[in-house]
Number of protein chains: 2
Amino acid sequence: MIHRLLLAYRGTAYAGWQRQDNAPTVQAAVEAALAAVVGREVVVHGAGRTDAGVHARGQVAHLDAPAEIPLGALVHAVNQRLPGDIRSLAADRPGEGFHARFSALGKEYRYRVLTAPVADPIDAPFVWRLGRRLDLEALREASAALVGRHDFSALALAGGSHGSGIRRVDRAEWTANGRELTFVIVGEGFLRGLVRRLVGTLVEIGEHRRSPSDLARLLAGASGGDAVAAGPTAPAQGLMLQRVEYPAAFGGALEPW
Amino acid sequence: MIHRLLLAYRGTAYAGWQRQDNAPTVQAAVEAALAAVVGREVVVHGAGRTDAGVHARGQVAHLDAPAEIPLGALVHAVNQRLPGDIRSLAADRPGEGFHARFSALGKEYRYRVLTAPVADPIDAPFVWRLGRRLDLEALREASAALVGRHDFSALALAGGSHGSGIRRVDRAEWTANGRELTFVIVGEGFLRGLVRRLVGTLVEIGEHRRSPSDLARLLAGASGGDAVAAGPTAPAQGLMLQRVEYPAAFGGALEPW
């Protein structure tokens, strides 16, 4: 029977979500814990293939497991076997036909930028310590251009996109809390490396090293206009997969217990 | 010349702030880093003697150091020599007569309680994972009784109080964010172990294992009324020294750069 797991992890020690030879990954750690619980090999499918060093509070994965195991016991047993930097926060049975990635309606990512010169040791593993002030109004002005349907190919990692780069973005906002700025982006899906490339480009805008209108031109350029180069890729450690949305027929988003 | 440092630390690996033989402490780590920078032995005095495992975002300490060292260079050099779980976030020169503890007007502590069954690995080191629901209204009703001047002796650690147990509390509030509850308490000073004992008692109230009026009776009992026993001490890892206030003559609170 199809089971759905809500997963949170500190990505620092992992080469990303997706299983690899010769590198520790979150998927491999979750599969090993589940195999020990279920008593046979288990394959899990994640909603988002987070890159090396990226964190998650709201990753969702599905797997096939016997229906006899109560959900509470499954989560408890898996957590007993997972390393301390990965936890399952909830589980349910979303019904036939569910796929963590293909059934997702949308995802929310958050990126934290610290403009202060020193990061406190509590937040340090989860922020990009930029150490320079940013123009919040310029960040907001530029980010507003992201909302809607656009071709994001010009901002994706080379080699990462197959097929259309057109995606719908529902929300792209910056909030400030003291010297920490958080970028929240919600959309139907994101090309590989897109959020970090967006943040790298937006930070150049916030530093007045490029114009807020550059982002709109980048998106237009992808559809055949003038070519504008995207900015650098922001560091992985500031990025968090916050939430994955699903249709009501599959129980909607899986919330932490 | 008197210097003031703002310090943040993850308290997990330390036997508290105060220097001890044969145990790692935050004070000893800060003194060792400063000695390497200044080139002679340095004694630092902290505003709050946080217990083993307690964290800080807003600890303040003072020390005597040569005025020739620019403040930015001092903070940078100290951070280069501190372990990764302690950082100085700012420094200034508050003027003659300043003492981190005796000049303090008040302190803010925060305590985080997670009512969910599993803590995500990002927050886990900084919360008390209670795993049971609490009645927020009961917590708020009981906490309101803390504001004002009271004798807190009945809630302090045995042997920790010398002299009067009377202290002024300016704010005692609970906020909820999903399944995480945060207790914020601001006052002129707190007896040793008081905040954790208060939280332990309040959690029993939030679980309906004692009445909200018990806290008021505990405070009255300390002044000679009926004796009511305080609850258990909440775990150290949920507690954070958030902020220390000082008079405007000493520059007010030291803010992160």
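Here's a quick briefing on how chains A and B meet in this model. The model is predicted, and chain B buries about 1,700 Å² together with chain A. The two chains are related by a two-fold axis.

**Symmetry**
- A turn of 180° and a shift of 0.0 Å along the axis lay chain B on chain A, with an RMSD of 0.0 Å. That's the relation of a two-fold axis.
- If you go looking for the axis, start at B:Ile122: of the residues of chain B, its C-alpha comes closest, at 4.8 Å.
- The copies meet through the same surface, because 100% of the interface residues of chain B are also interface residues in chain A.

**Size and make-up of the interface**
- On the contact count, 26 residues of chain B touch 26 residues of chain A.
- Carbon and sulfur atoms give 69% of the buried area between the two chains.

**Polar and charged links**
- The rule picks out four salt bridges across the interface of chain B and chain A.
- One of them joins the side chains of A:Arg57 and B:Asp123, with N to O at 2.9 Å.
- Six residue pairs are in polar contact across the interface, both residues being at pLDDT 80 or more.

**Where chain B's side comes from**
- The elements of chain B that give two or more residues to the side touching chain A are β1 (2–9), β3 (55–64), α2 (71–81) and β4 (86–92).
- β4(B) supplies the largest share of that side, with four residues.
- By residue type, the side of chain B that touches chain A splits into 15 nonpolar, four polar and seven charged residues.

Notes. Residues are numbered from 1 along each chain as its sequence is written. Chains are lettered from A and ligands numbered from 1 in the order in which they are written. This is a predicted model: local features need pLDDT of at least 70, side-chain atom pairs count only at pLDDT 80 or more; totals for chains, interfaces and linings use all residues. Side-chain values use heavy atoms; hydrogens and water are left out. Contact means heavy atoms within 4.5 Å. Buried area is the accessible area (1.4 Å probe) that two parts lose on being put together, summed over both. A polar contact is a pair of N or O atoms within 3.5 Å; within protein, one must be able to donate a hydrogen and the other to accept it, and residues adjacent in sequence count only if both atoms are side-chain atoms. Ala, Val, Leu, Ile, Met, Phe, Trp, Tyr, Cys and Pro count as nonpolar, Asp, Glu, Lys and Arg as charged, and the others, Gly among them, as polar. Copies are superposed by least squares on the C-alpha atoms of residues with pLDDT of at least 70 in both.
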